[in-house]
Amino acid sequence: MRTGQVTTLMVILSLVMLSFLAGCSRNRPARKPPIHLNPNMDNQEKYKAQSESKFFADGSTMRIPVDGTVARGELFDDPIYNTGKLPNGKFVKKVPVEVDYDLIKRGQERFNIFCAPCHSRLGDGQGLLIKKGYIPPPTFHQDRIRQITDGEMFGIISNGVRNMPSYSSQVPVEDRWAIITFLRALQRSHNADLSDIPADQREALEKAENDSKEQESKVEGEAVK
Ligand code: HEC
């Protein structure tokens with residue numbers, strides 16, 4: 001090899017190396033994907049949803065599930081639990097699940113998210129959306145709504161009623177029952193008297209009431225001064 005050739009080769013080599021170095025510069029992410037020496041089937045052709053397929057005879061990429069396929073968590077084989085209705089088509093009177101404190105708590109949380117915007121946290125039908133002009137719902141603390149069975153309530157959440165939209169896509173079945181148990185507790189709390197309070201706690205309650213009255217008269221007295 002002549003000296004001239006060696007120099008040319010060196011120049012070319014340094015240019016190549018420089019161009020590699022340029023790629024290393026910080027703050028300038030490369031637009032091209034990095035060189036992938038062993039692709040190892042990392043990148044493969046794929047079909048996008050609703051696109052055409054050249055592989056399947058019917059030309060459609062998306063496959064129809066085998067008849068009778070049930071998605072995980074969607075085996076609705078208990079009609080009472082999943083519709084709130086008895087086999088004779090009538091609504092169940094009471095929630096068909098065991099009620100405990102945790103369920104009511106869960107119901108409260110879900111109620112405050114999905115129902116309170118219209119019905120308010122108190123259930124009086126004066127939620128934020130109503131103040132912004134939505135059609136006002138009835139208060140939950142009237143006799144007619146207290147008489148609605150749990151099954152019918154389930155139907156209302158699932159399908160909506162007149163001006164109220166359905167919440168079936170946002171509130172799964174188990175949460176609908178949880179909300180109903182909380183709603184019952186809410187109704188009960190607005191329709192309670194002293195006899196609902198355990199005897200040993202009544203005294204504390206009465207004392208608290210007297211204290212707050214005293215506090216009020218004190219504040220008033222000071223305001224007069
Ligand atoms: C977007 C506002 C809105 C939300 C959110 C909403 N509701 Fe309602 N709801 C209404 C309106 C409006 C009515 C009155 C429907 C009518 O009579 O036209 C109503 C009525 C009702 C009634 C009484 C039905 C009757 O027979 O009069 C119940 C019970 C009820 N809602 C429960 C719920 C529960 C439980 C949730 C939460 C899962 C909920 N609602 C969420 C607007 C709402």
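In this predicted model, the largest nonpolar core comprises 17 residues, of which I179, I180, F182 and L183 touch the most other members. Three helices each contribute at least two residues to this core, namely α3 (101-114), α7 (150-159) and α8 (173-189). The greatest share comes from α8, which supplies 7 residues. The surroundings of I179, one of the core residues with the most contacts to other members, were examined further. When neighbours within four places in sequence are set aside, I179 is in contact with G107, R110, F111, C115, I157 and V171.

The packing of α3 against α8 was then described. In general, two packed helices are characterised by the angle between their axes together with the distance between those axes. For α3 and α8 the angle is about 95°, and the axes lie 7 Å apart. Because angles of 65 to 115 degrees count as roughly perpendicular, α3 is classed as roughly perpendicular to α8. On the α3 side, the contact is formed by L103, I104, R106, G107, Q108, R110 and F111. On the α8 side, the contributing residues are D175, A178, I179, I180, T181, F182, L183 and A185. Divided by class, this contact contains 9 nonpolar, 3 polar and 3 charged residues. Among its participants are I179, I180, F182 and L183 of α8, the residues that touch the most other members of the largest nonpolar core. G107, R110 and F111 of α3 likewise take part in the helix contact, and these three residues are also among the contacts of I179.

The environment of the ligand was considered next. There are 23 residues around the ligand, and those that come nearest are C115, C118, P137, R162 and M164. The elements providing two or more residues to this shell are α4 (116-119), α7 and α8. By class, the shell consists of 20 nonpolar, 2 polar and 1 charged residues. Both α7 and α8 thus appear in the list of elements contributing to the ligand shell and in that of helices contributing to the largest nonpolar core. C115, one of the residues that come nearest to the ligand, is also in contact with I179.

Within α4, attention was given to H119. H119 has 24 C-beta neighbours inside 10 Å and therefore counts as buried. Beyond its neighbours within four places in sequence, H119 is in contact with G125, G127, P137 and F140. Of these contacts, P137 is also listed among the residues that come nearest to the ligand. The C-alpha atoms of H119 and E45 are 51 Å apart in space, with a separation of 74 residues in sequence.

Two residues with positive phi values, neither of them glycine, were identified in the loop that joins α1 to α2. N40 has a phi near 50° and is placed in the loop between α1 (3-23) and α2 (79-83). This residue is exposed, as 7 other C-beta atoms lie within 10 Å. Q50, which is found in the loop between α1 and α2, has a phi near 70°. With 8 other C-beta atoms within 10 Å, Q50 is exposed.

Helix α9 (residues 199-224) was examined through two of its residues, Q215 and A208. Q215 has 10 C-beta neighbours inside 10 Å and so counts as exposed. A208, with 10 C-beta neighbours inside 10 Å, is likewise classed as exposed. The C-alpha atoms of Q215 and A30 are separated by 71 Å, at a distance of 185 residues along the chain. For A208 and F114, which are 94 residues apart in sequence, the separation in space is 34 Å from C-alpha to C-alpha.

Terms used. Residues numbered from 1 in each chain as written. Predicted model: local features only at pLDDT ≥ 70, side-chain atom pairs only at ≥ 80, totals over all residues. Core = buried A, V, L, I, M, F, W, Y, C linked by C-beta atoms within 7 Å. Buried ≥ 20, exposed ≤ 12 C-beta atoms within 10 Å, placed from the backbone. Helix = DSSP H or I, 4+ residues; strand = E, 2+ residues; numbered from the N terminus. Contact = placed C-beta atoms within 7 Å. Axes fitted to C-alpha atoms, helices over the stretch in contact; angles between N-to-C directions. Parallel < 35°, antiparallel > 145°, perpendicular 65-115°, else oblique. Nonpolar A, V, L, I, M, F, W, Y, C, P; charged D, E, K, R; others polar. Near = placed C-beta within 6 Å.
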